[in-house]
Amino acid sequence: MTFSKAANSKVGYSQSIENRLKIQYLQLPPSKAASRAGSDVVKGLTDNPKYLSPRYFYDDRGSELFEEICELPEYYVTRTETAILQNCAEEIANITGACELIELGSGSSTKTRILLDAYQHKGYPLRYLPIDVSAGILEASARQLLVDYPTLQVHALAGTYQQALGQLKLSELPNRMIGFIGSTLGNLNPQECDDFLSQITAALQLGEYFLLGVDLQKPQDILEAAYNDSAGVTAAFNLNILNHLNRRFDGNFDLNKFEHWAFYNQTKHQIEMHLRSLEPQTIELRSLNLKVDFEKGETINTEISRKFDIHGIQELLKNKGFVPQKVWTDDNQWFGLILSKLS
């Protein structure tokens, strides 16, 4: 059935979408899932200083709030990277040729459309593998893409990067590119970054590509404004992590007793996001059998966002077997996009 015929039939149209969509829900084996669920929360909240994994930001509400952050005037990252992609997408398609696109942390897949348009313009087949922990936004964005790109095939994977990278099969197209755009690499500390790049190397075949977006070092006032927006959306995003824990682990965090705190650590070249306790308190996560005491002013570190030097990140990639093919930046040198090939 062609797309044009399907458009004239609600049933046929639905089948056309379903025939081009596969959603795979990645889960640990039940025994491992039961033993690991929340273990990182227990470890983080009983450590000194306290911390939480940023992955707990991304329930469905957290994903929605992050999409709002990307539209904020203070948050330069998305519009800067988008402008770079608009300028270089055709060149990326020229370099890689027909290419299966894999995106880590796909969210609403907004920027991915720029790449899909470039590959479509060259007449290449379109196959997209979005990966995200938020199954709701993953399915919604995949279905909208299938409406807008009638020849697109989507195999969505709901799970963590580690789960998805370990289950990738050989590409159905002549080549493959993993995209990790949006500066998410900065959320990993140096050791985590090294481990992650090793996983990317292991997931690709020789001659396949890795497209990486990195936020670059810049003046402190610009950085801090981006994480302390005047509308308070980033604060809501940060606090929502407590709602997620309450729902998932039967907790009693009171969001009114914590405040958002973000600042730039100039020594480590990273933004640090914290939740600061406004008073002495004890919280409980009942399904984890966990009680945690907070002093007034004590914080939970919820995220770091490292800012990179473009030459330094290229050296990291070379150490993992990648040969940079092209580097694109904006006029202000605020953001970098690096296309590398595994050799």
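Helices, of at least four residues, and strands, of at least two, are DSSP runs numbered from the N terminus. The legends below describe close-up views of a predicted model.

**Figure 1. Ser16 in helix H2.** Ser16 belongs to helix H2, which spans residues 10-19. With a relative accessible area of 12%, Ser16 is buried, because the cut-off for burial is under 20%. Ser16 and Gly159 are 143 residues apart along the chain, and their C-alpha atoms are separated by 25 Å.

**Figure 2. The cis peptide bond before Pro49.** The bond that joins Asn48 to Pro49 is cis, and its omega angle is near 5 degrees. Pro49 is placed in the loop between helix H4 (39-45) and S2. Strand S2 itself covers 50-51. Lys50 has its charged end over the ring of Phe294, at 5.0 Å from the ring centre.

**Figure 3. Helices H5 and H8 where they cross.** Helix H5 (residues 60-69) and helix H8 (residues 135-148) have axes that come within 8 Å and cross at roughly 60 degrees. This angle makes H5 oblique to H8. On the H5 side the contact involves Asp60, Ser63 and Glu67, and on the H8 side Ala135, Gly136 and Ile137. By residue type, the contact of H5 with H8 divides into two nonpolar, two polar and two charged residues.

**Figure 4. Aromatic pairs around Tyr56 and Tyr58.** When rings are paired if their centres lie within 6.5 Å, the count comes to 18 aromatic pairs. One of these joins Tyr56 and Phe249, whose ring centres are 6.2 Å apart; their planes stand at 65 degrees, so the pair is edge-to-face. Tyr56 lies in the loop between strand S2 and H5, whereas Phe249 lies in helix H12 (residues 233-249), so the pair ties together parts that are 193 residues apart in sequence. Both Tyr56 and Phe249 are buried. A further pair is made by Tyr58 and Phe66, with ring centres 6.1 Å apart and planes at 80 degrees, so this pair too is edge-to-face. Tyr58 is partly exposed, its relative accessible area being 23%. Phe66 likewise counts as partly exposed, at 23% relative accessibility. Tyr58 and Phe66 belong to one aromatic cluster, which also includes Phe57, Tyr75, Tyr227 and Phe237.

**Figure 5. The buried residues of helix H7.** Which residues of helix H7 (residues 112-121) are buried? They are Thr112, Ile114, Leu115, Leu116, Ala118 and Tyr119. These buried residues pack against two helices and several strands: helix H6 (76-96) and H8, together with strand S3 (99-104), strand S4 (127-132), strand S6 (175-180) and strand S7 (209-215). Just after H7, Gly123 adopts a positive phi of about 80 degrees.

**Figure 6. The surroundings of Asp215 in strand S7.** Asp215 is part of strand S7. Is this residue, Asp215, buried or exposed? Asp215 counts as buried, at 1% relative accessibility. If residues up to four places away in sequence are not counted, Asp215 touches Tyr76, Val77, Ser183, Leu223, Arg306, Lys307, Phe308, Trp334 and Phe335. The C-alpha atoms of Asp215 and Thr80 are separated by 9.8 Å, although their positions lie 135 residues apart along the chain as a separation in sequence.

**Figure 7. Two residues with positive phi that are not glycines.** Asp250 has a positive phi of about 55 degrees although it is not a glycine. The position of Asp250 is in the loop between H12 and strand S8 (258-265). Asp250 is partly exposed, with 40% as its relative accessible area. Gln333, also not a glycine, has a positive phi of about 60 degrees. Gln333 is found in the loop between strand S13 (322-329) and strand S14 (335-342). Its relative accessible area of 43% makes Gln333 partly exposed.

**Figure 8. A charged end over the ring of Trp261.** The charged end of Arg276 is positioned over the ring of Trp261, and the distance to the ring centre is 4.5 Å.

Conventions: Residues are numbered from 1 along each chain as its sequence is written. This is a predicted model: local features need pLDDT of at least 70, side-chain atom pairs count only at pLDDT 80 or more; totals for chains, interfaces and linings use all residues. Side-chain values use heavy atoms; hydrogens and water are left out. Axes are lines fitted to C-alpha atoms, for helices over the stretch in contact, and angles run from 0 to 180 degrees between N-to-C directions. Angles under 35 degrees count as roughly parallel, over 145 as roughly antiparallel, 65 to 115 as roughly perpendicular and the rest as oblique. Contact means heavy atoms within 4.5 Å. Ala, Val, Leu, Ile, Met, Phe, Trp, Tyr, Cys and Pro count as nonpolar, Asp, Glu, Lys and Arg as charged, and the others, Gly among them, as polar. Rings of Phe, Tyr and Trp (its six-membered ring) pair if their centres lie within 6.5 Å; planes under 30 degrees apart count as stacked, over 60 as edge-to-face and the rest as tilted. Buried means under 20% relative accessible area, exposed over 50%, partly exposed in between (1.4 Å probe, protein chains only). A charge sits over a ring if NZ of Lys or CZ of Arg is within 6 Å of the ring centre and within 35 degrees of the ring normal.
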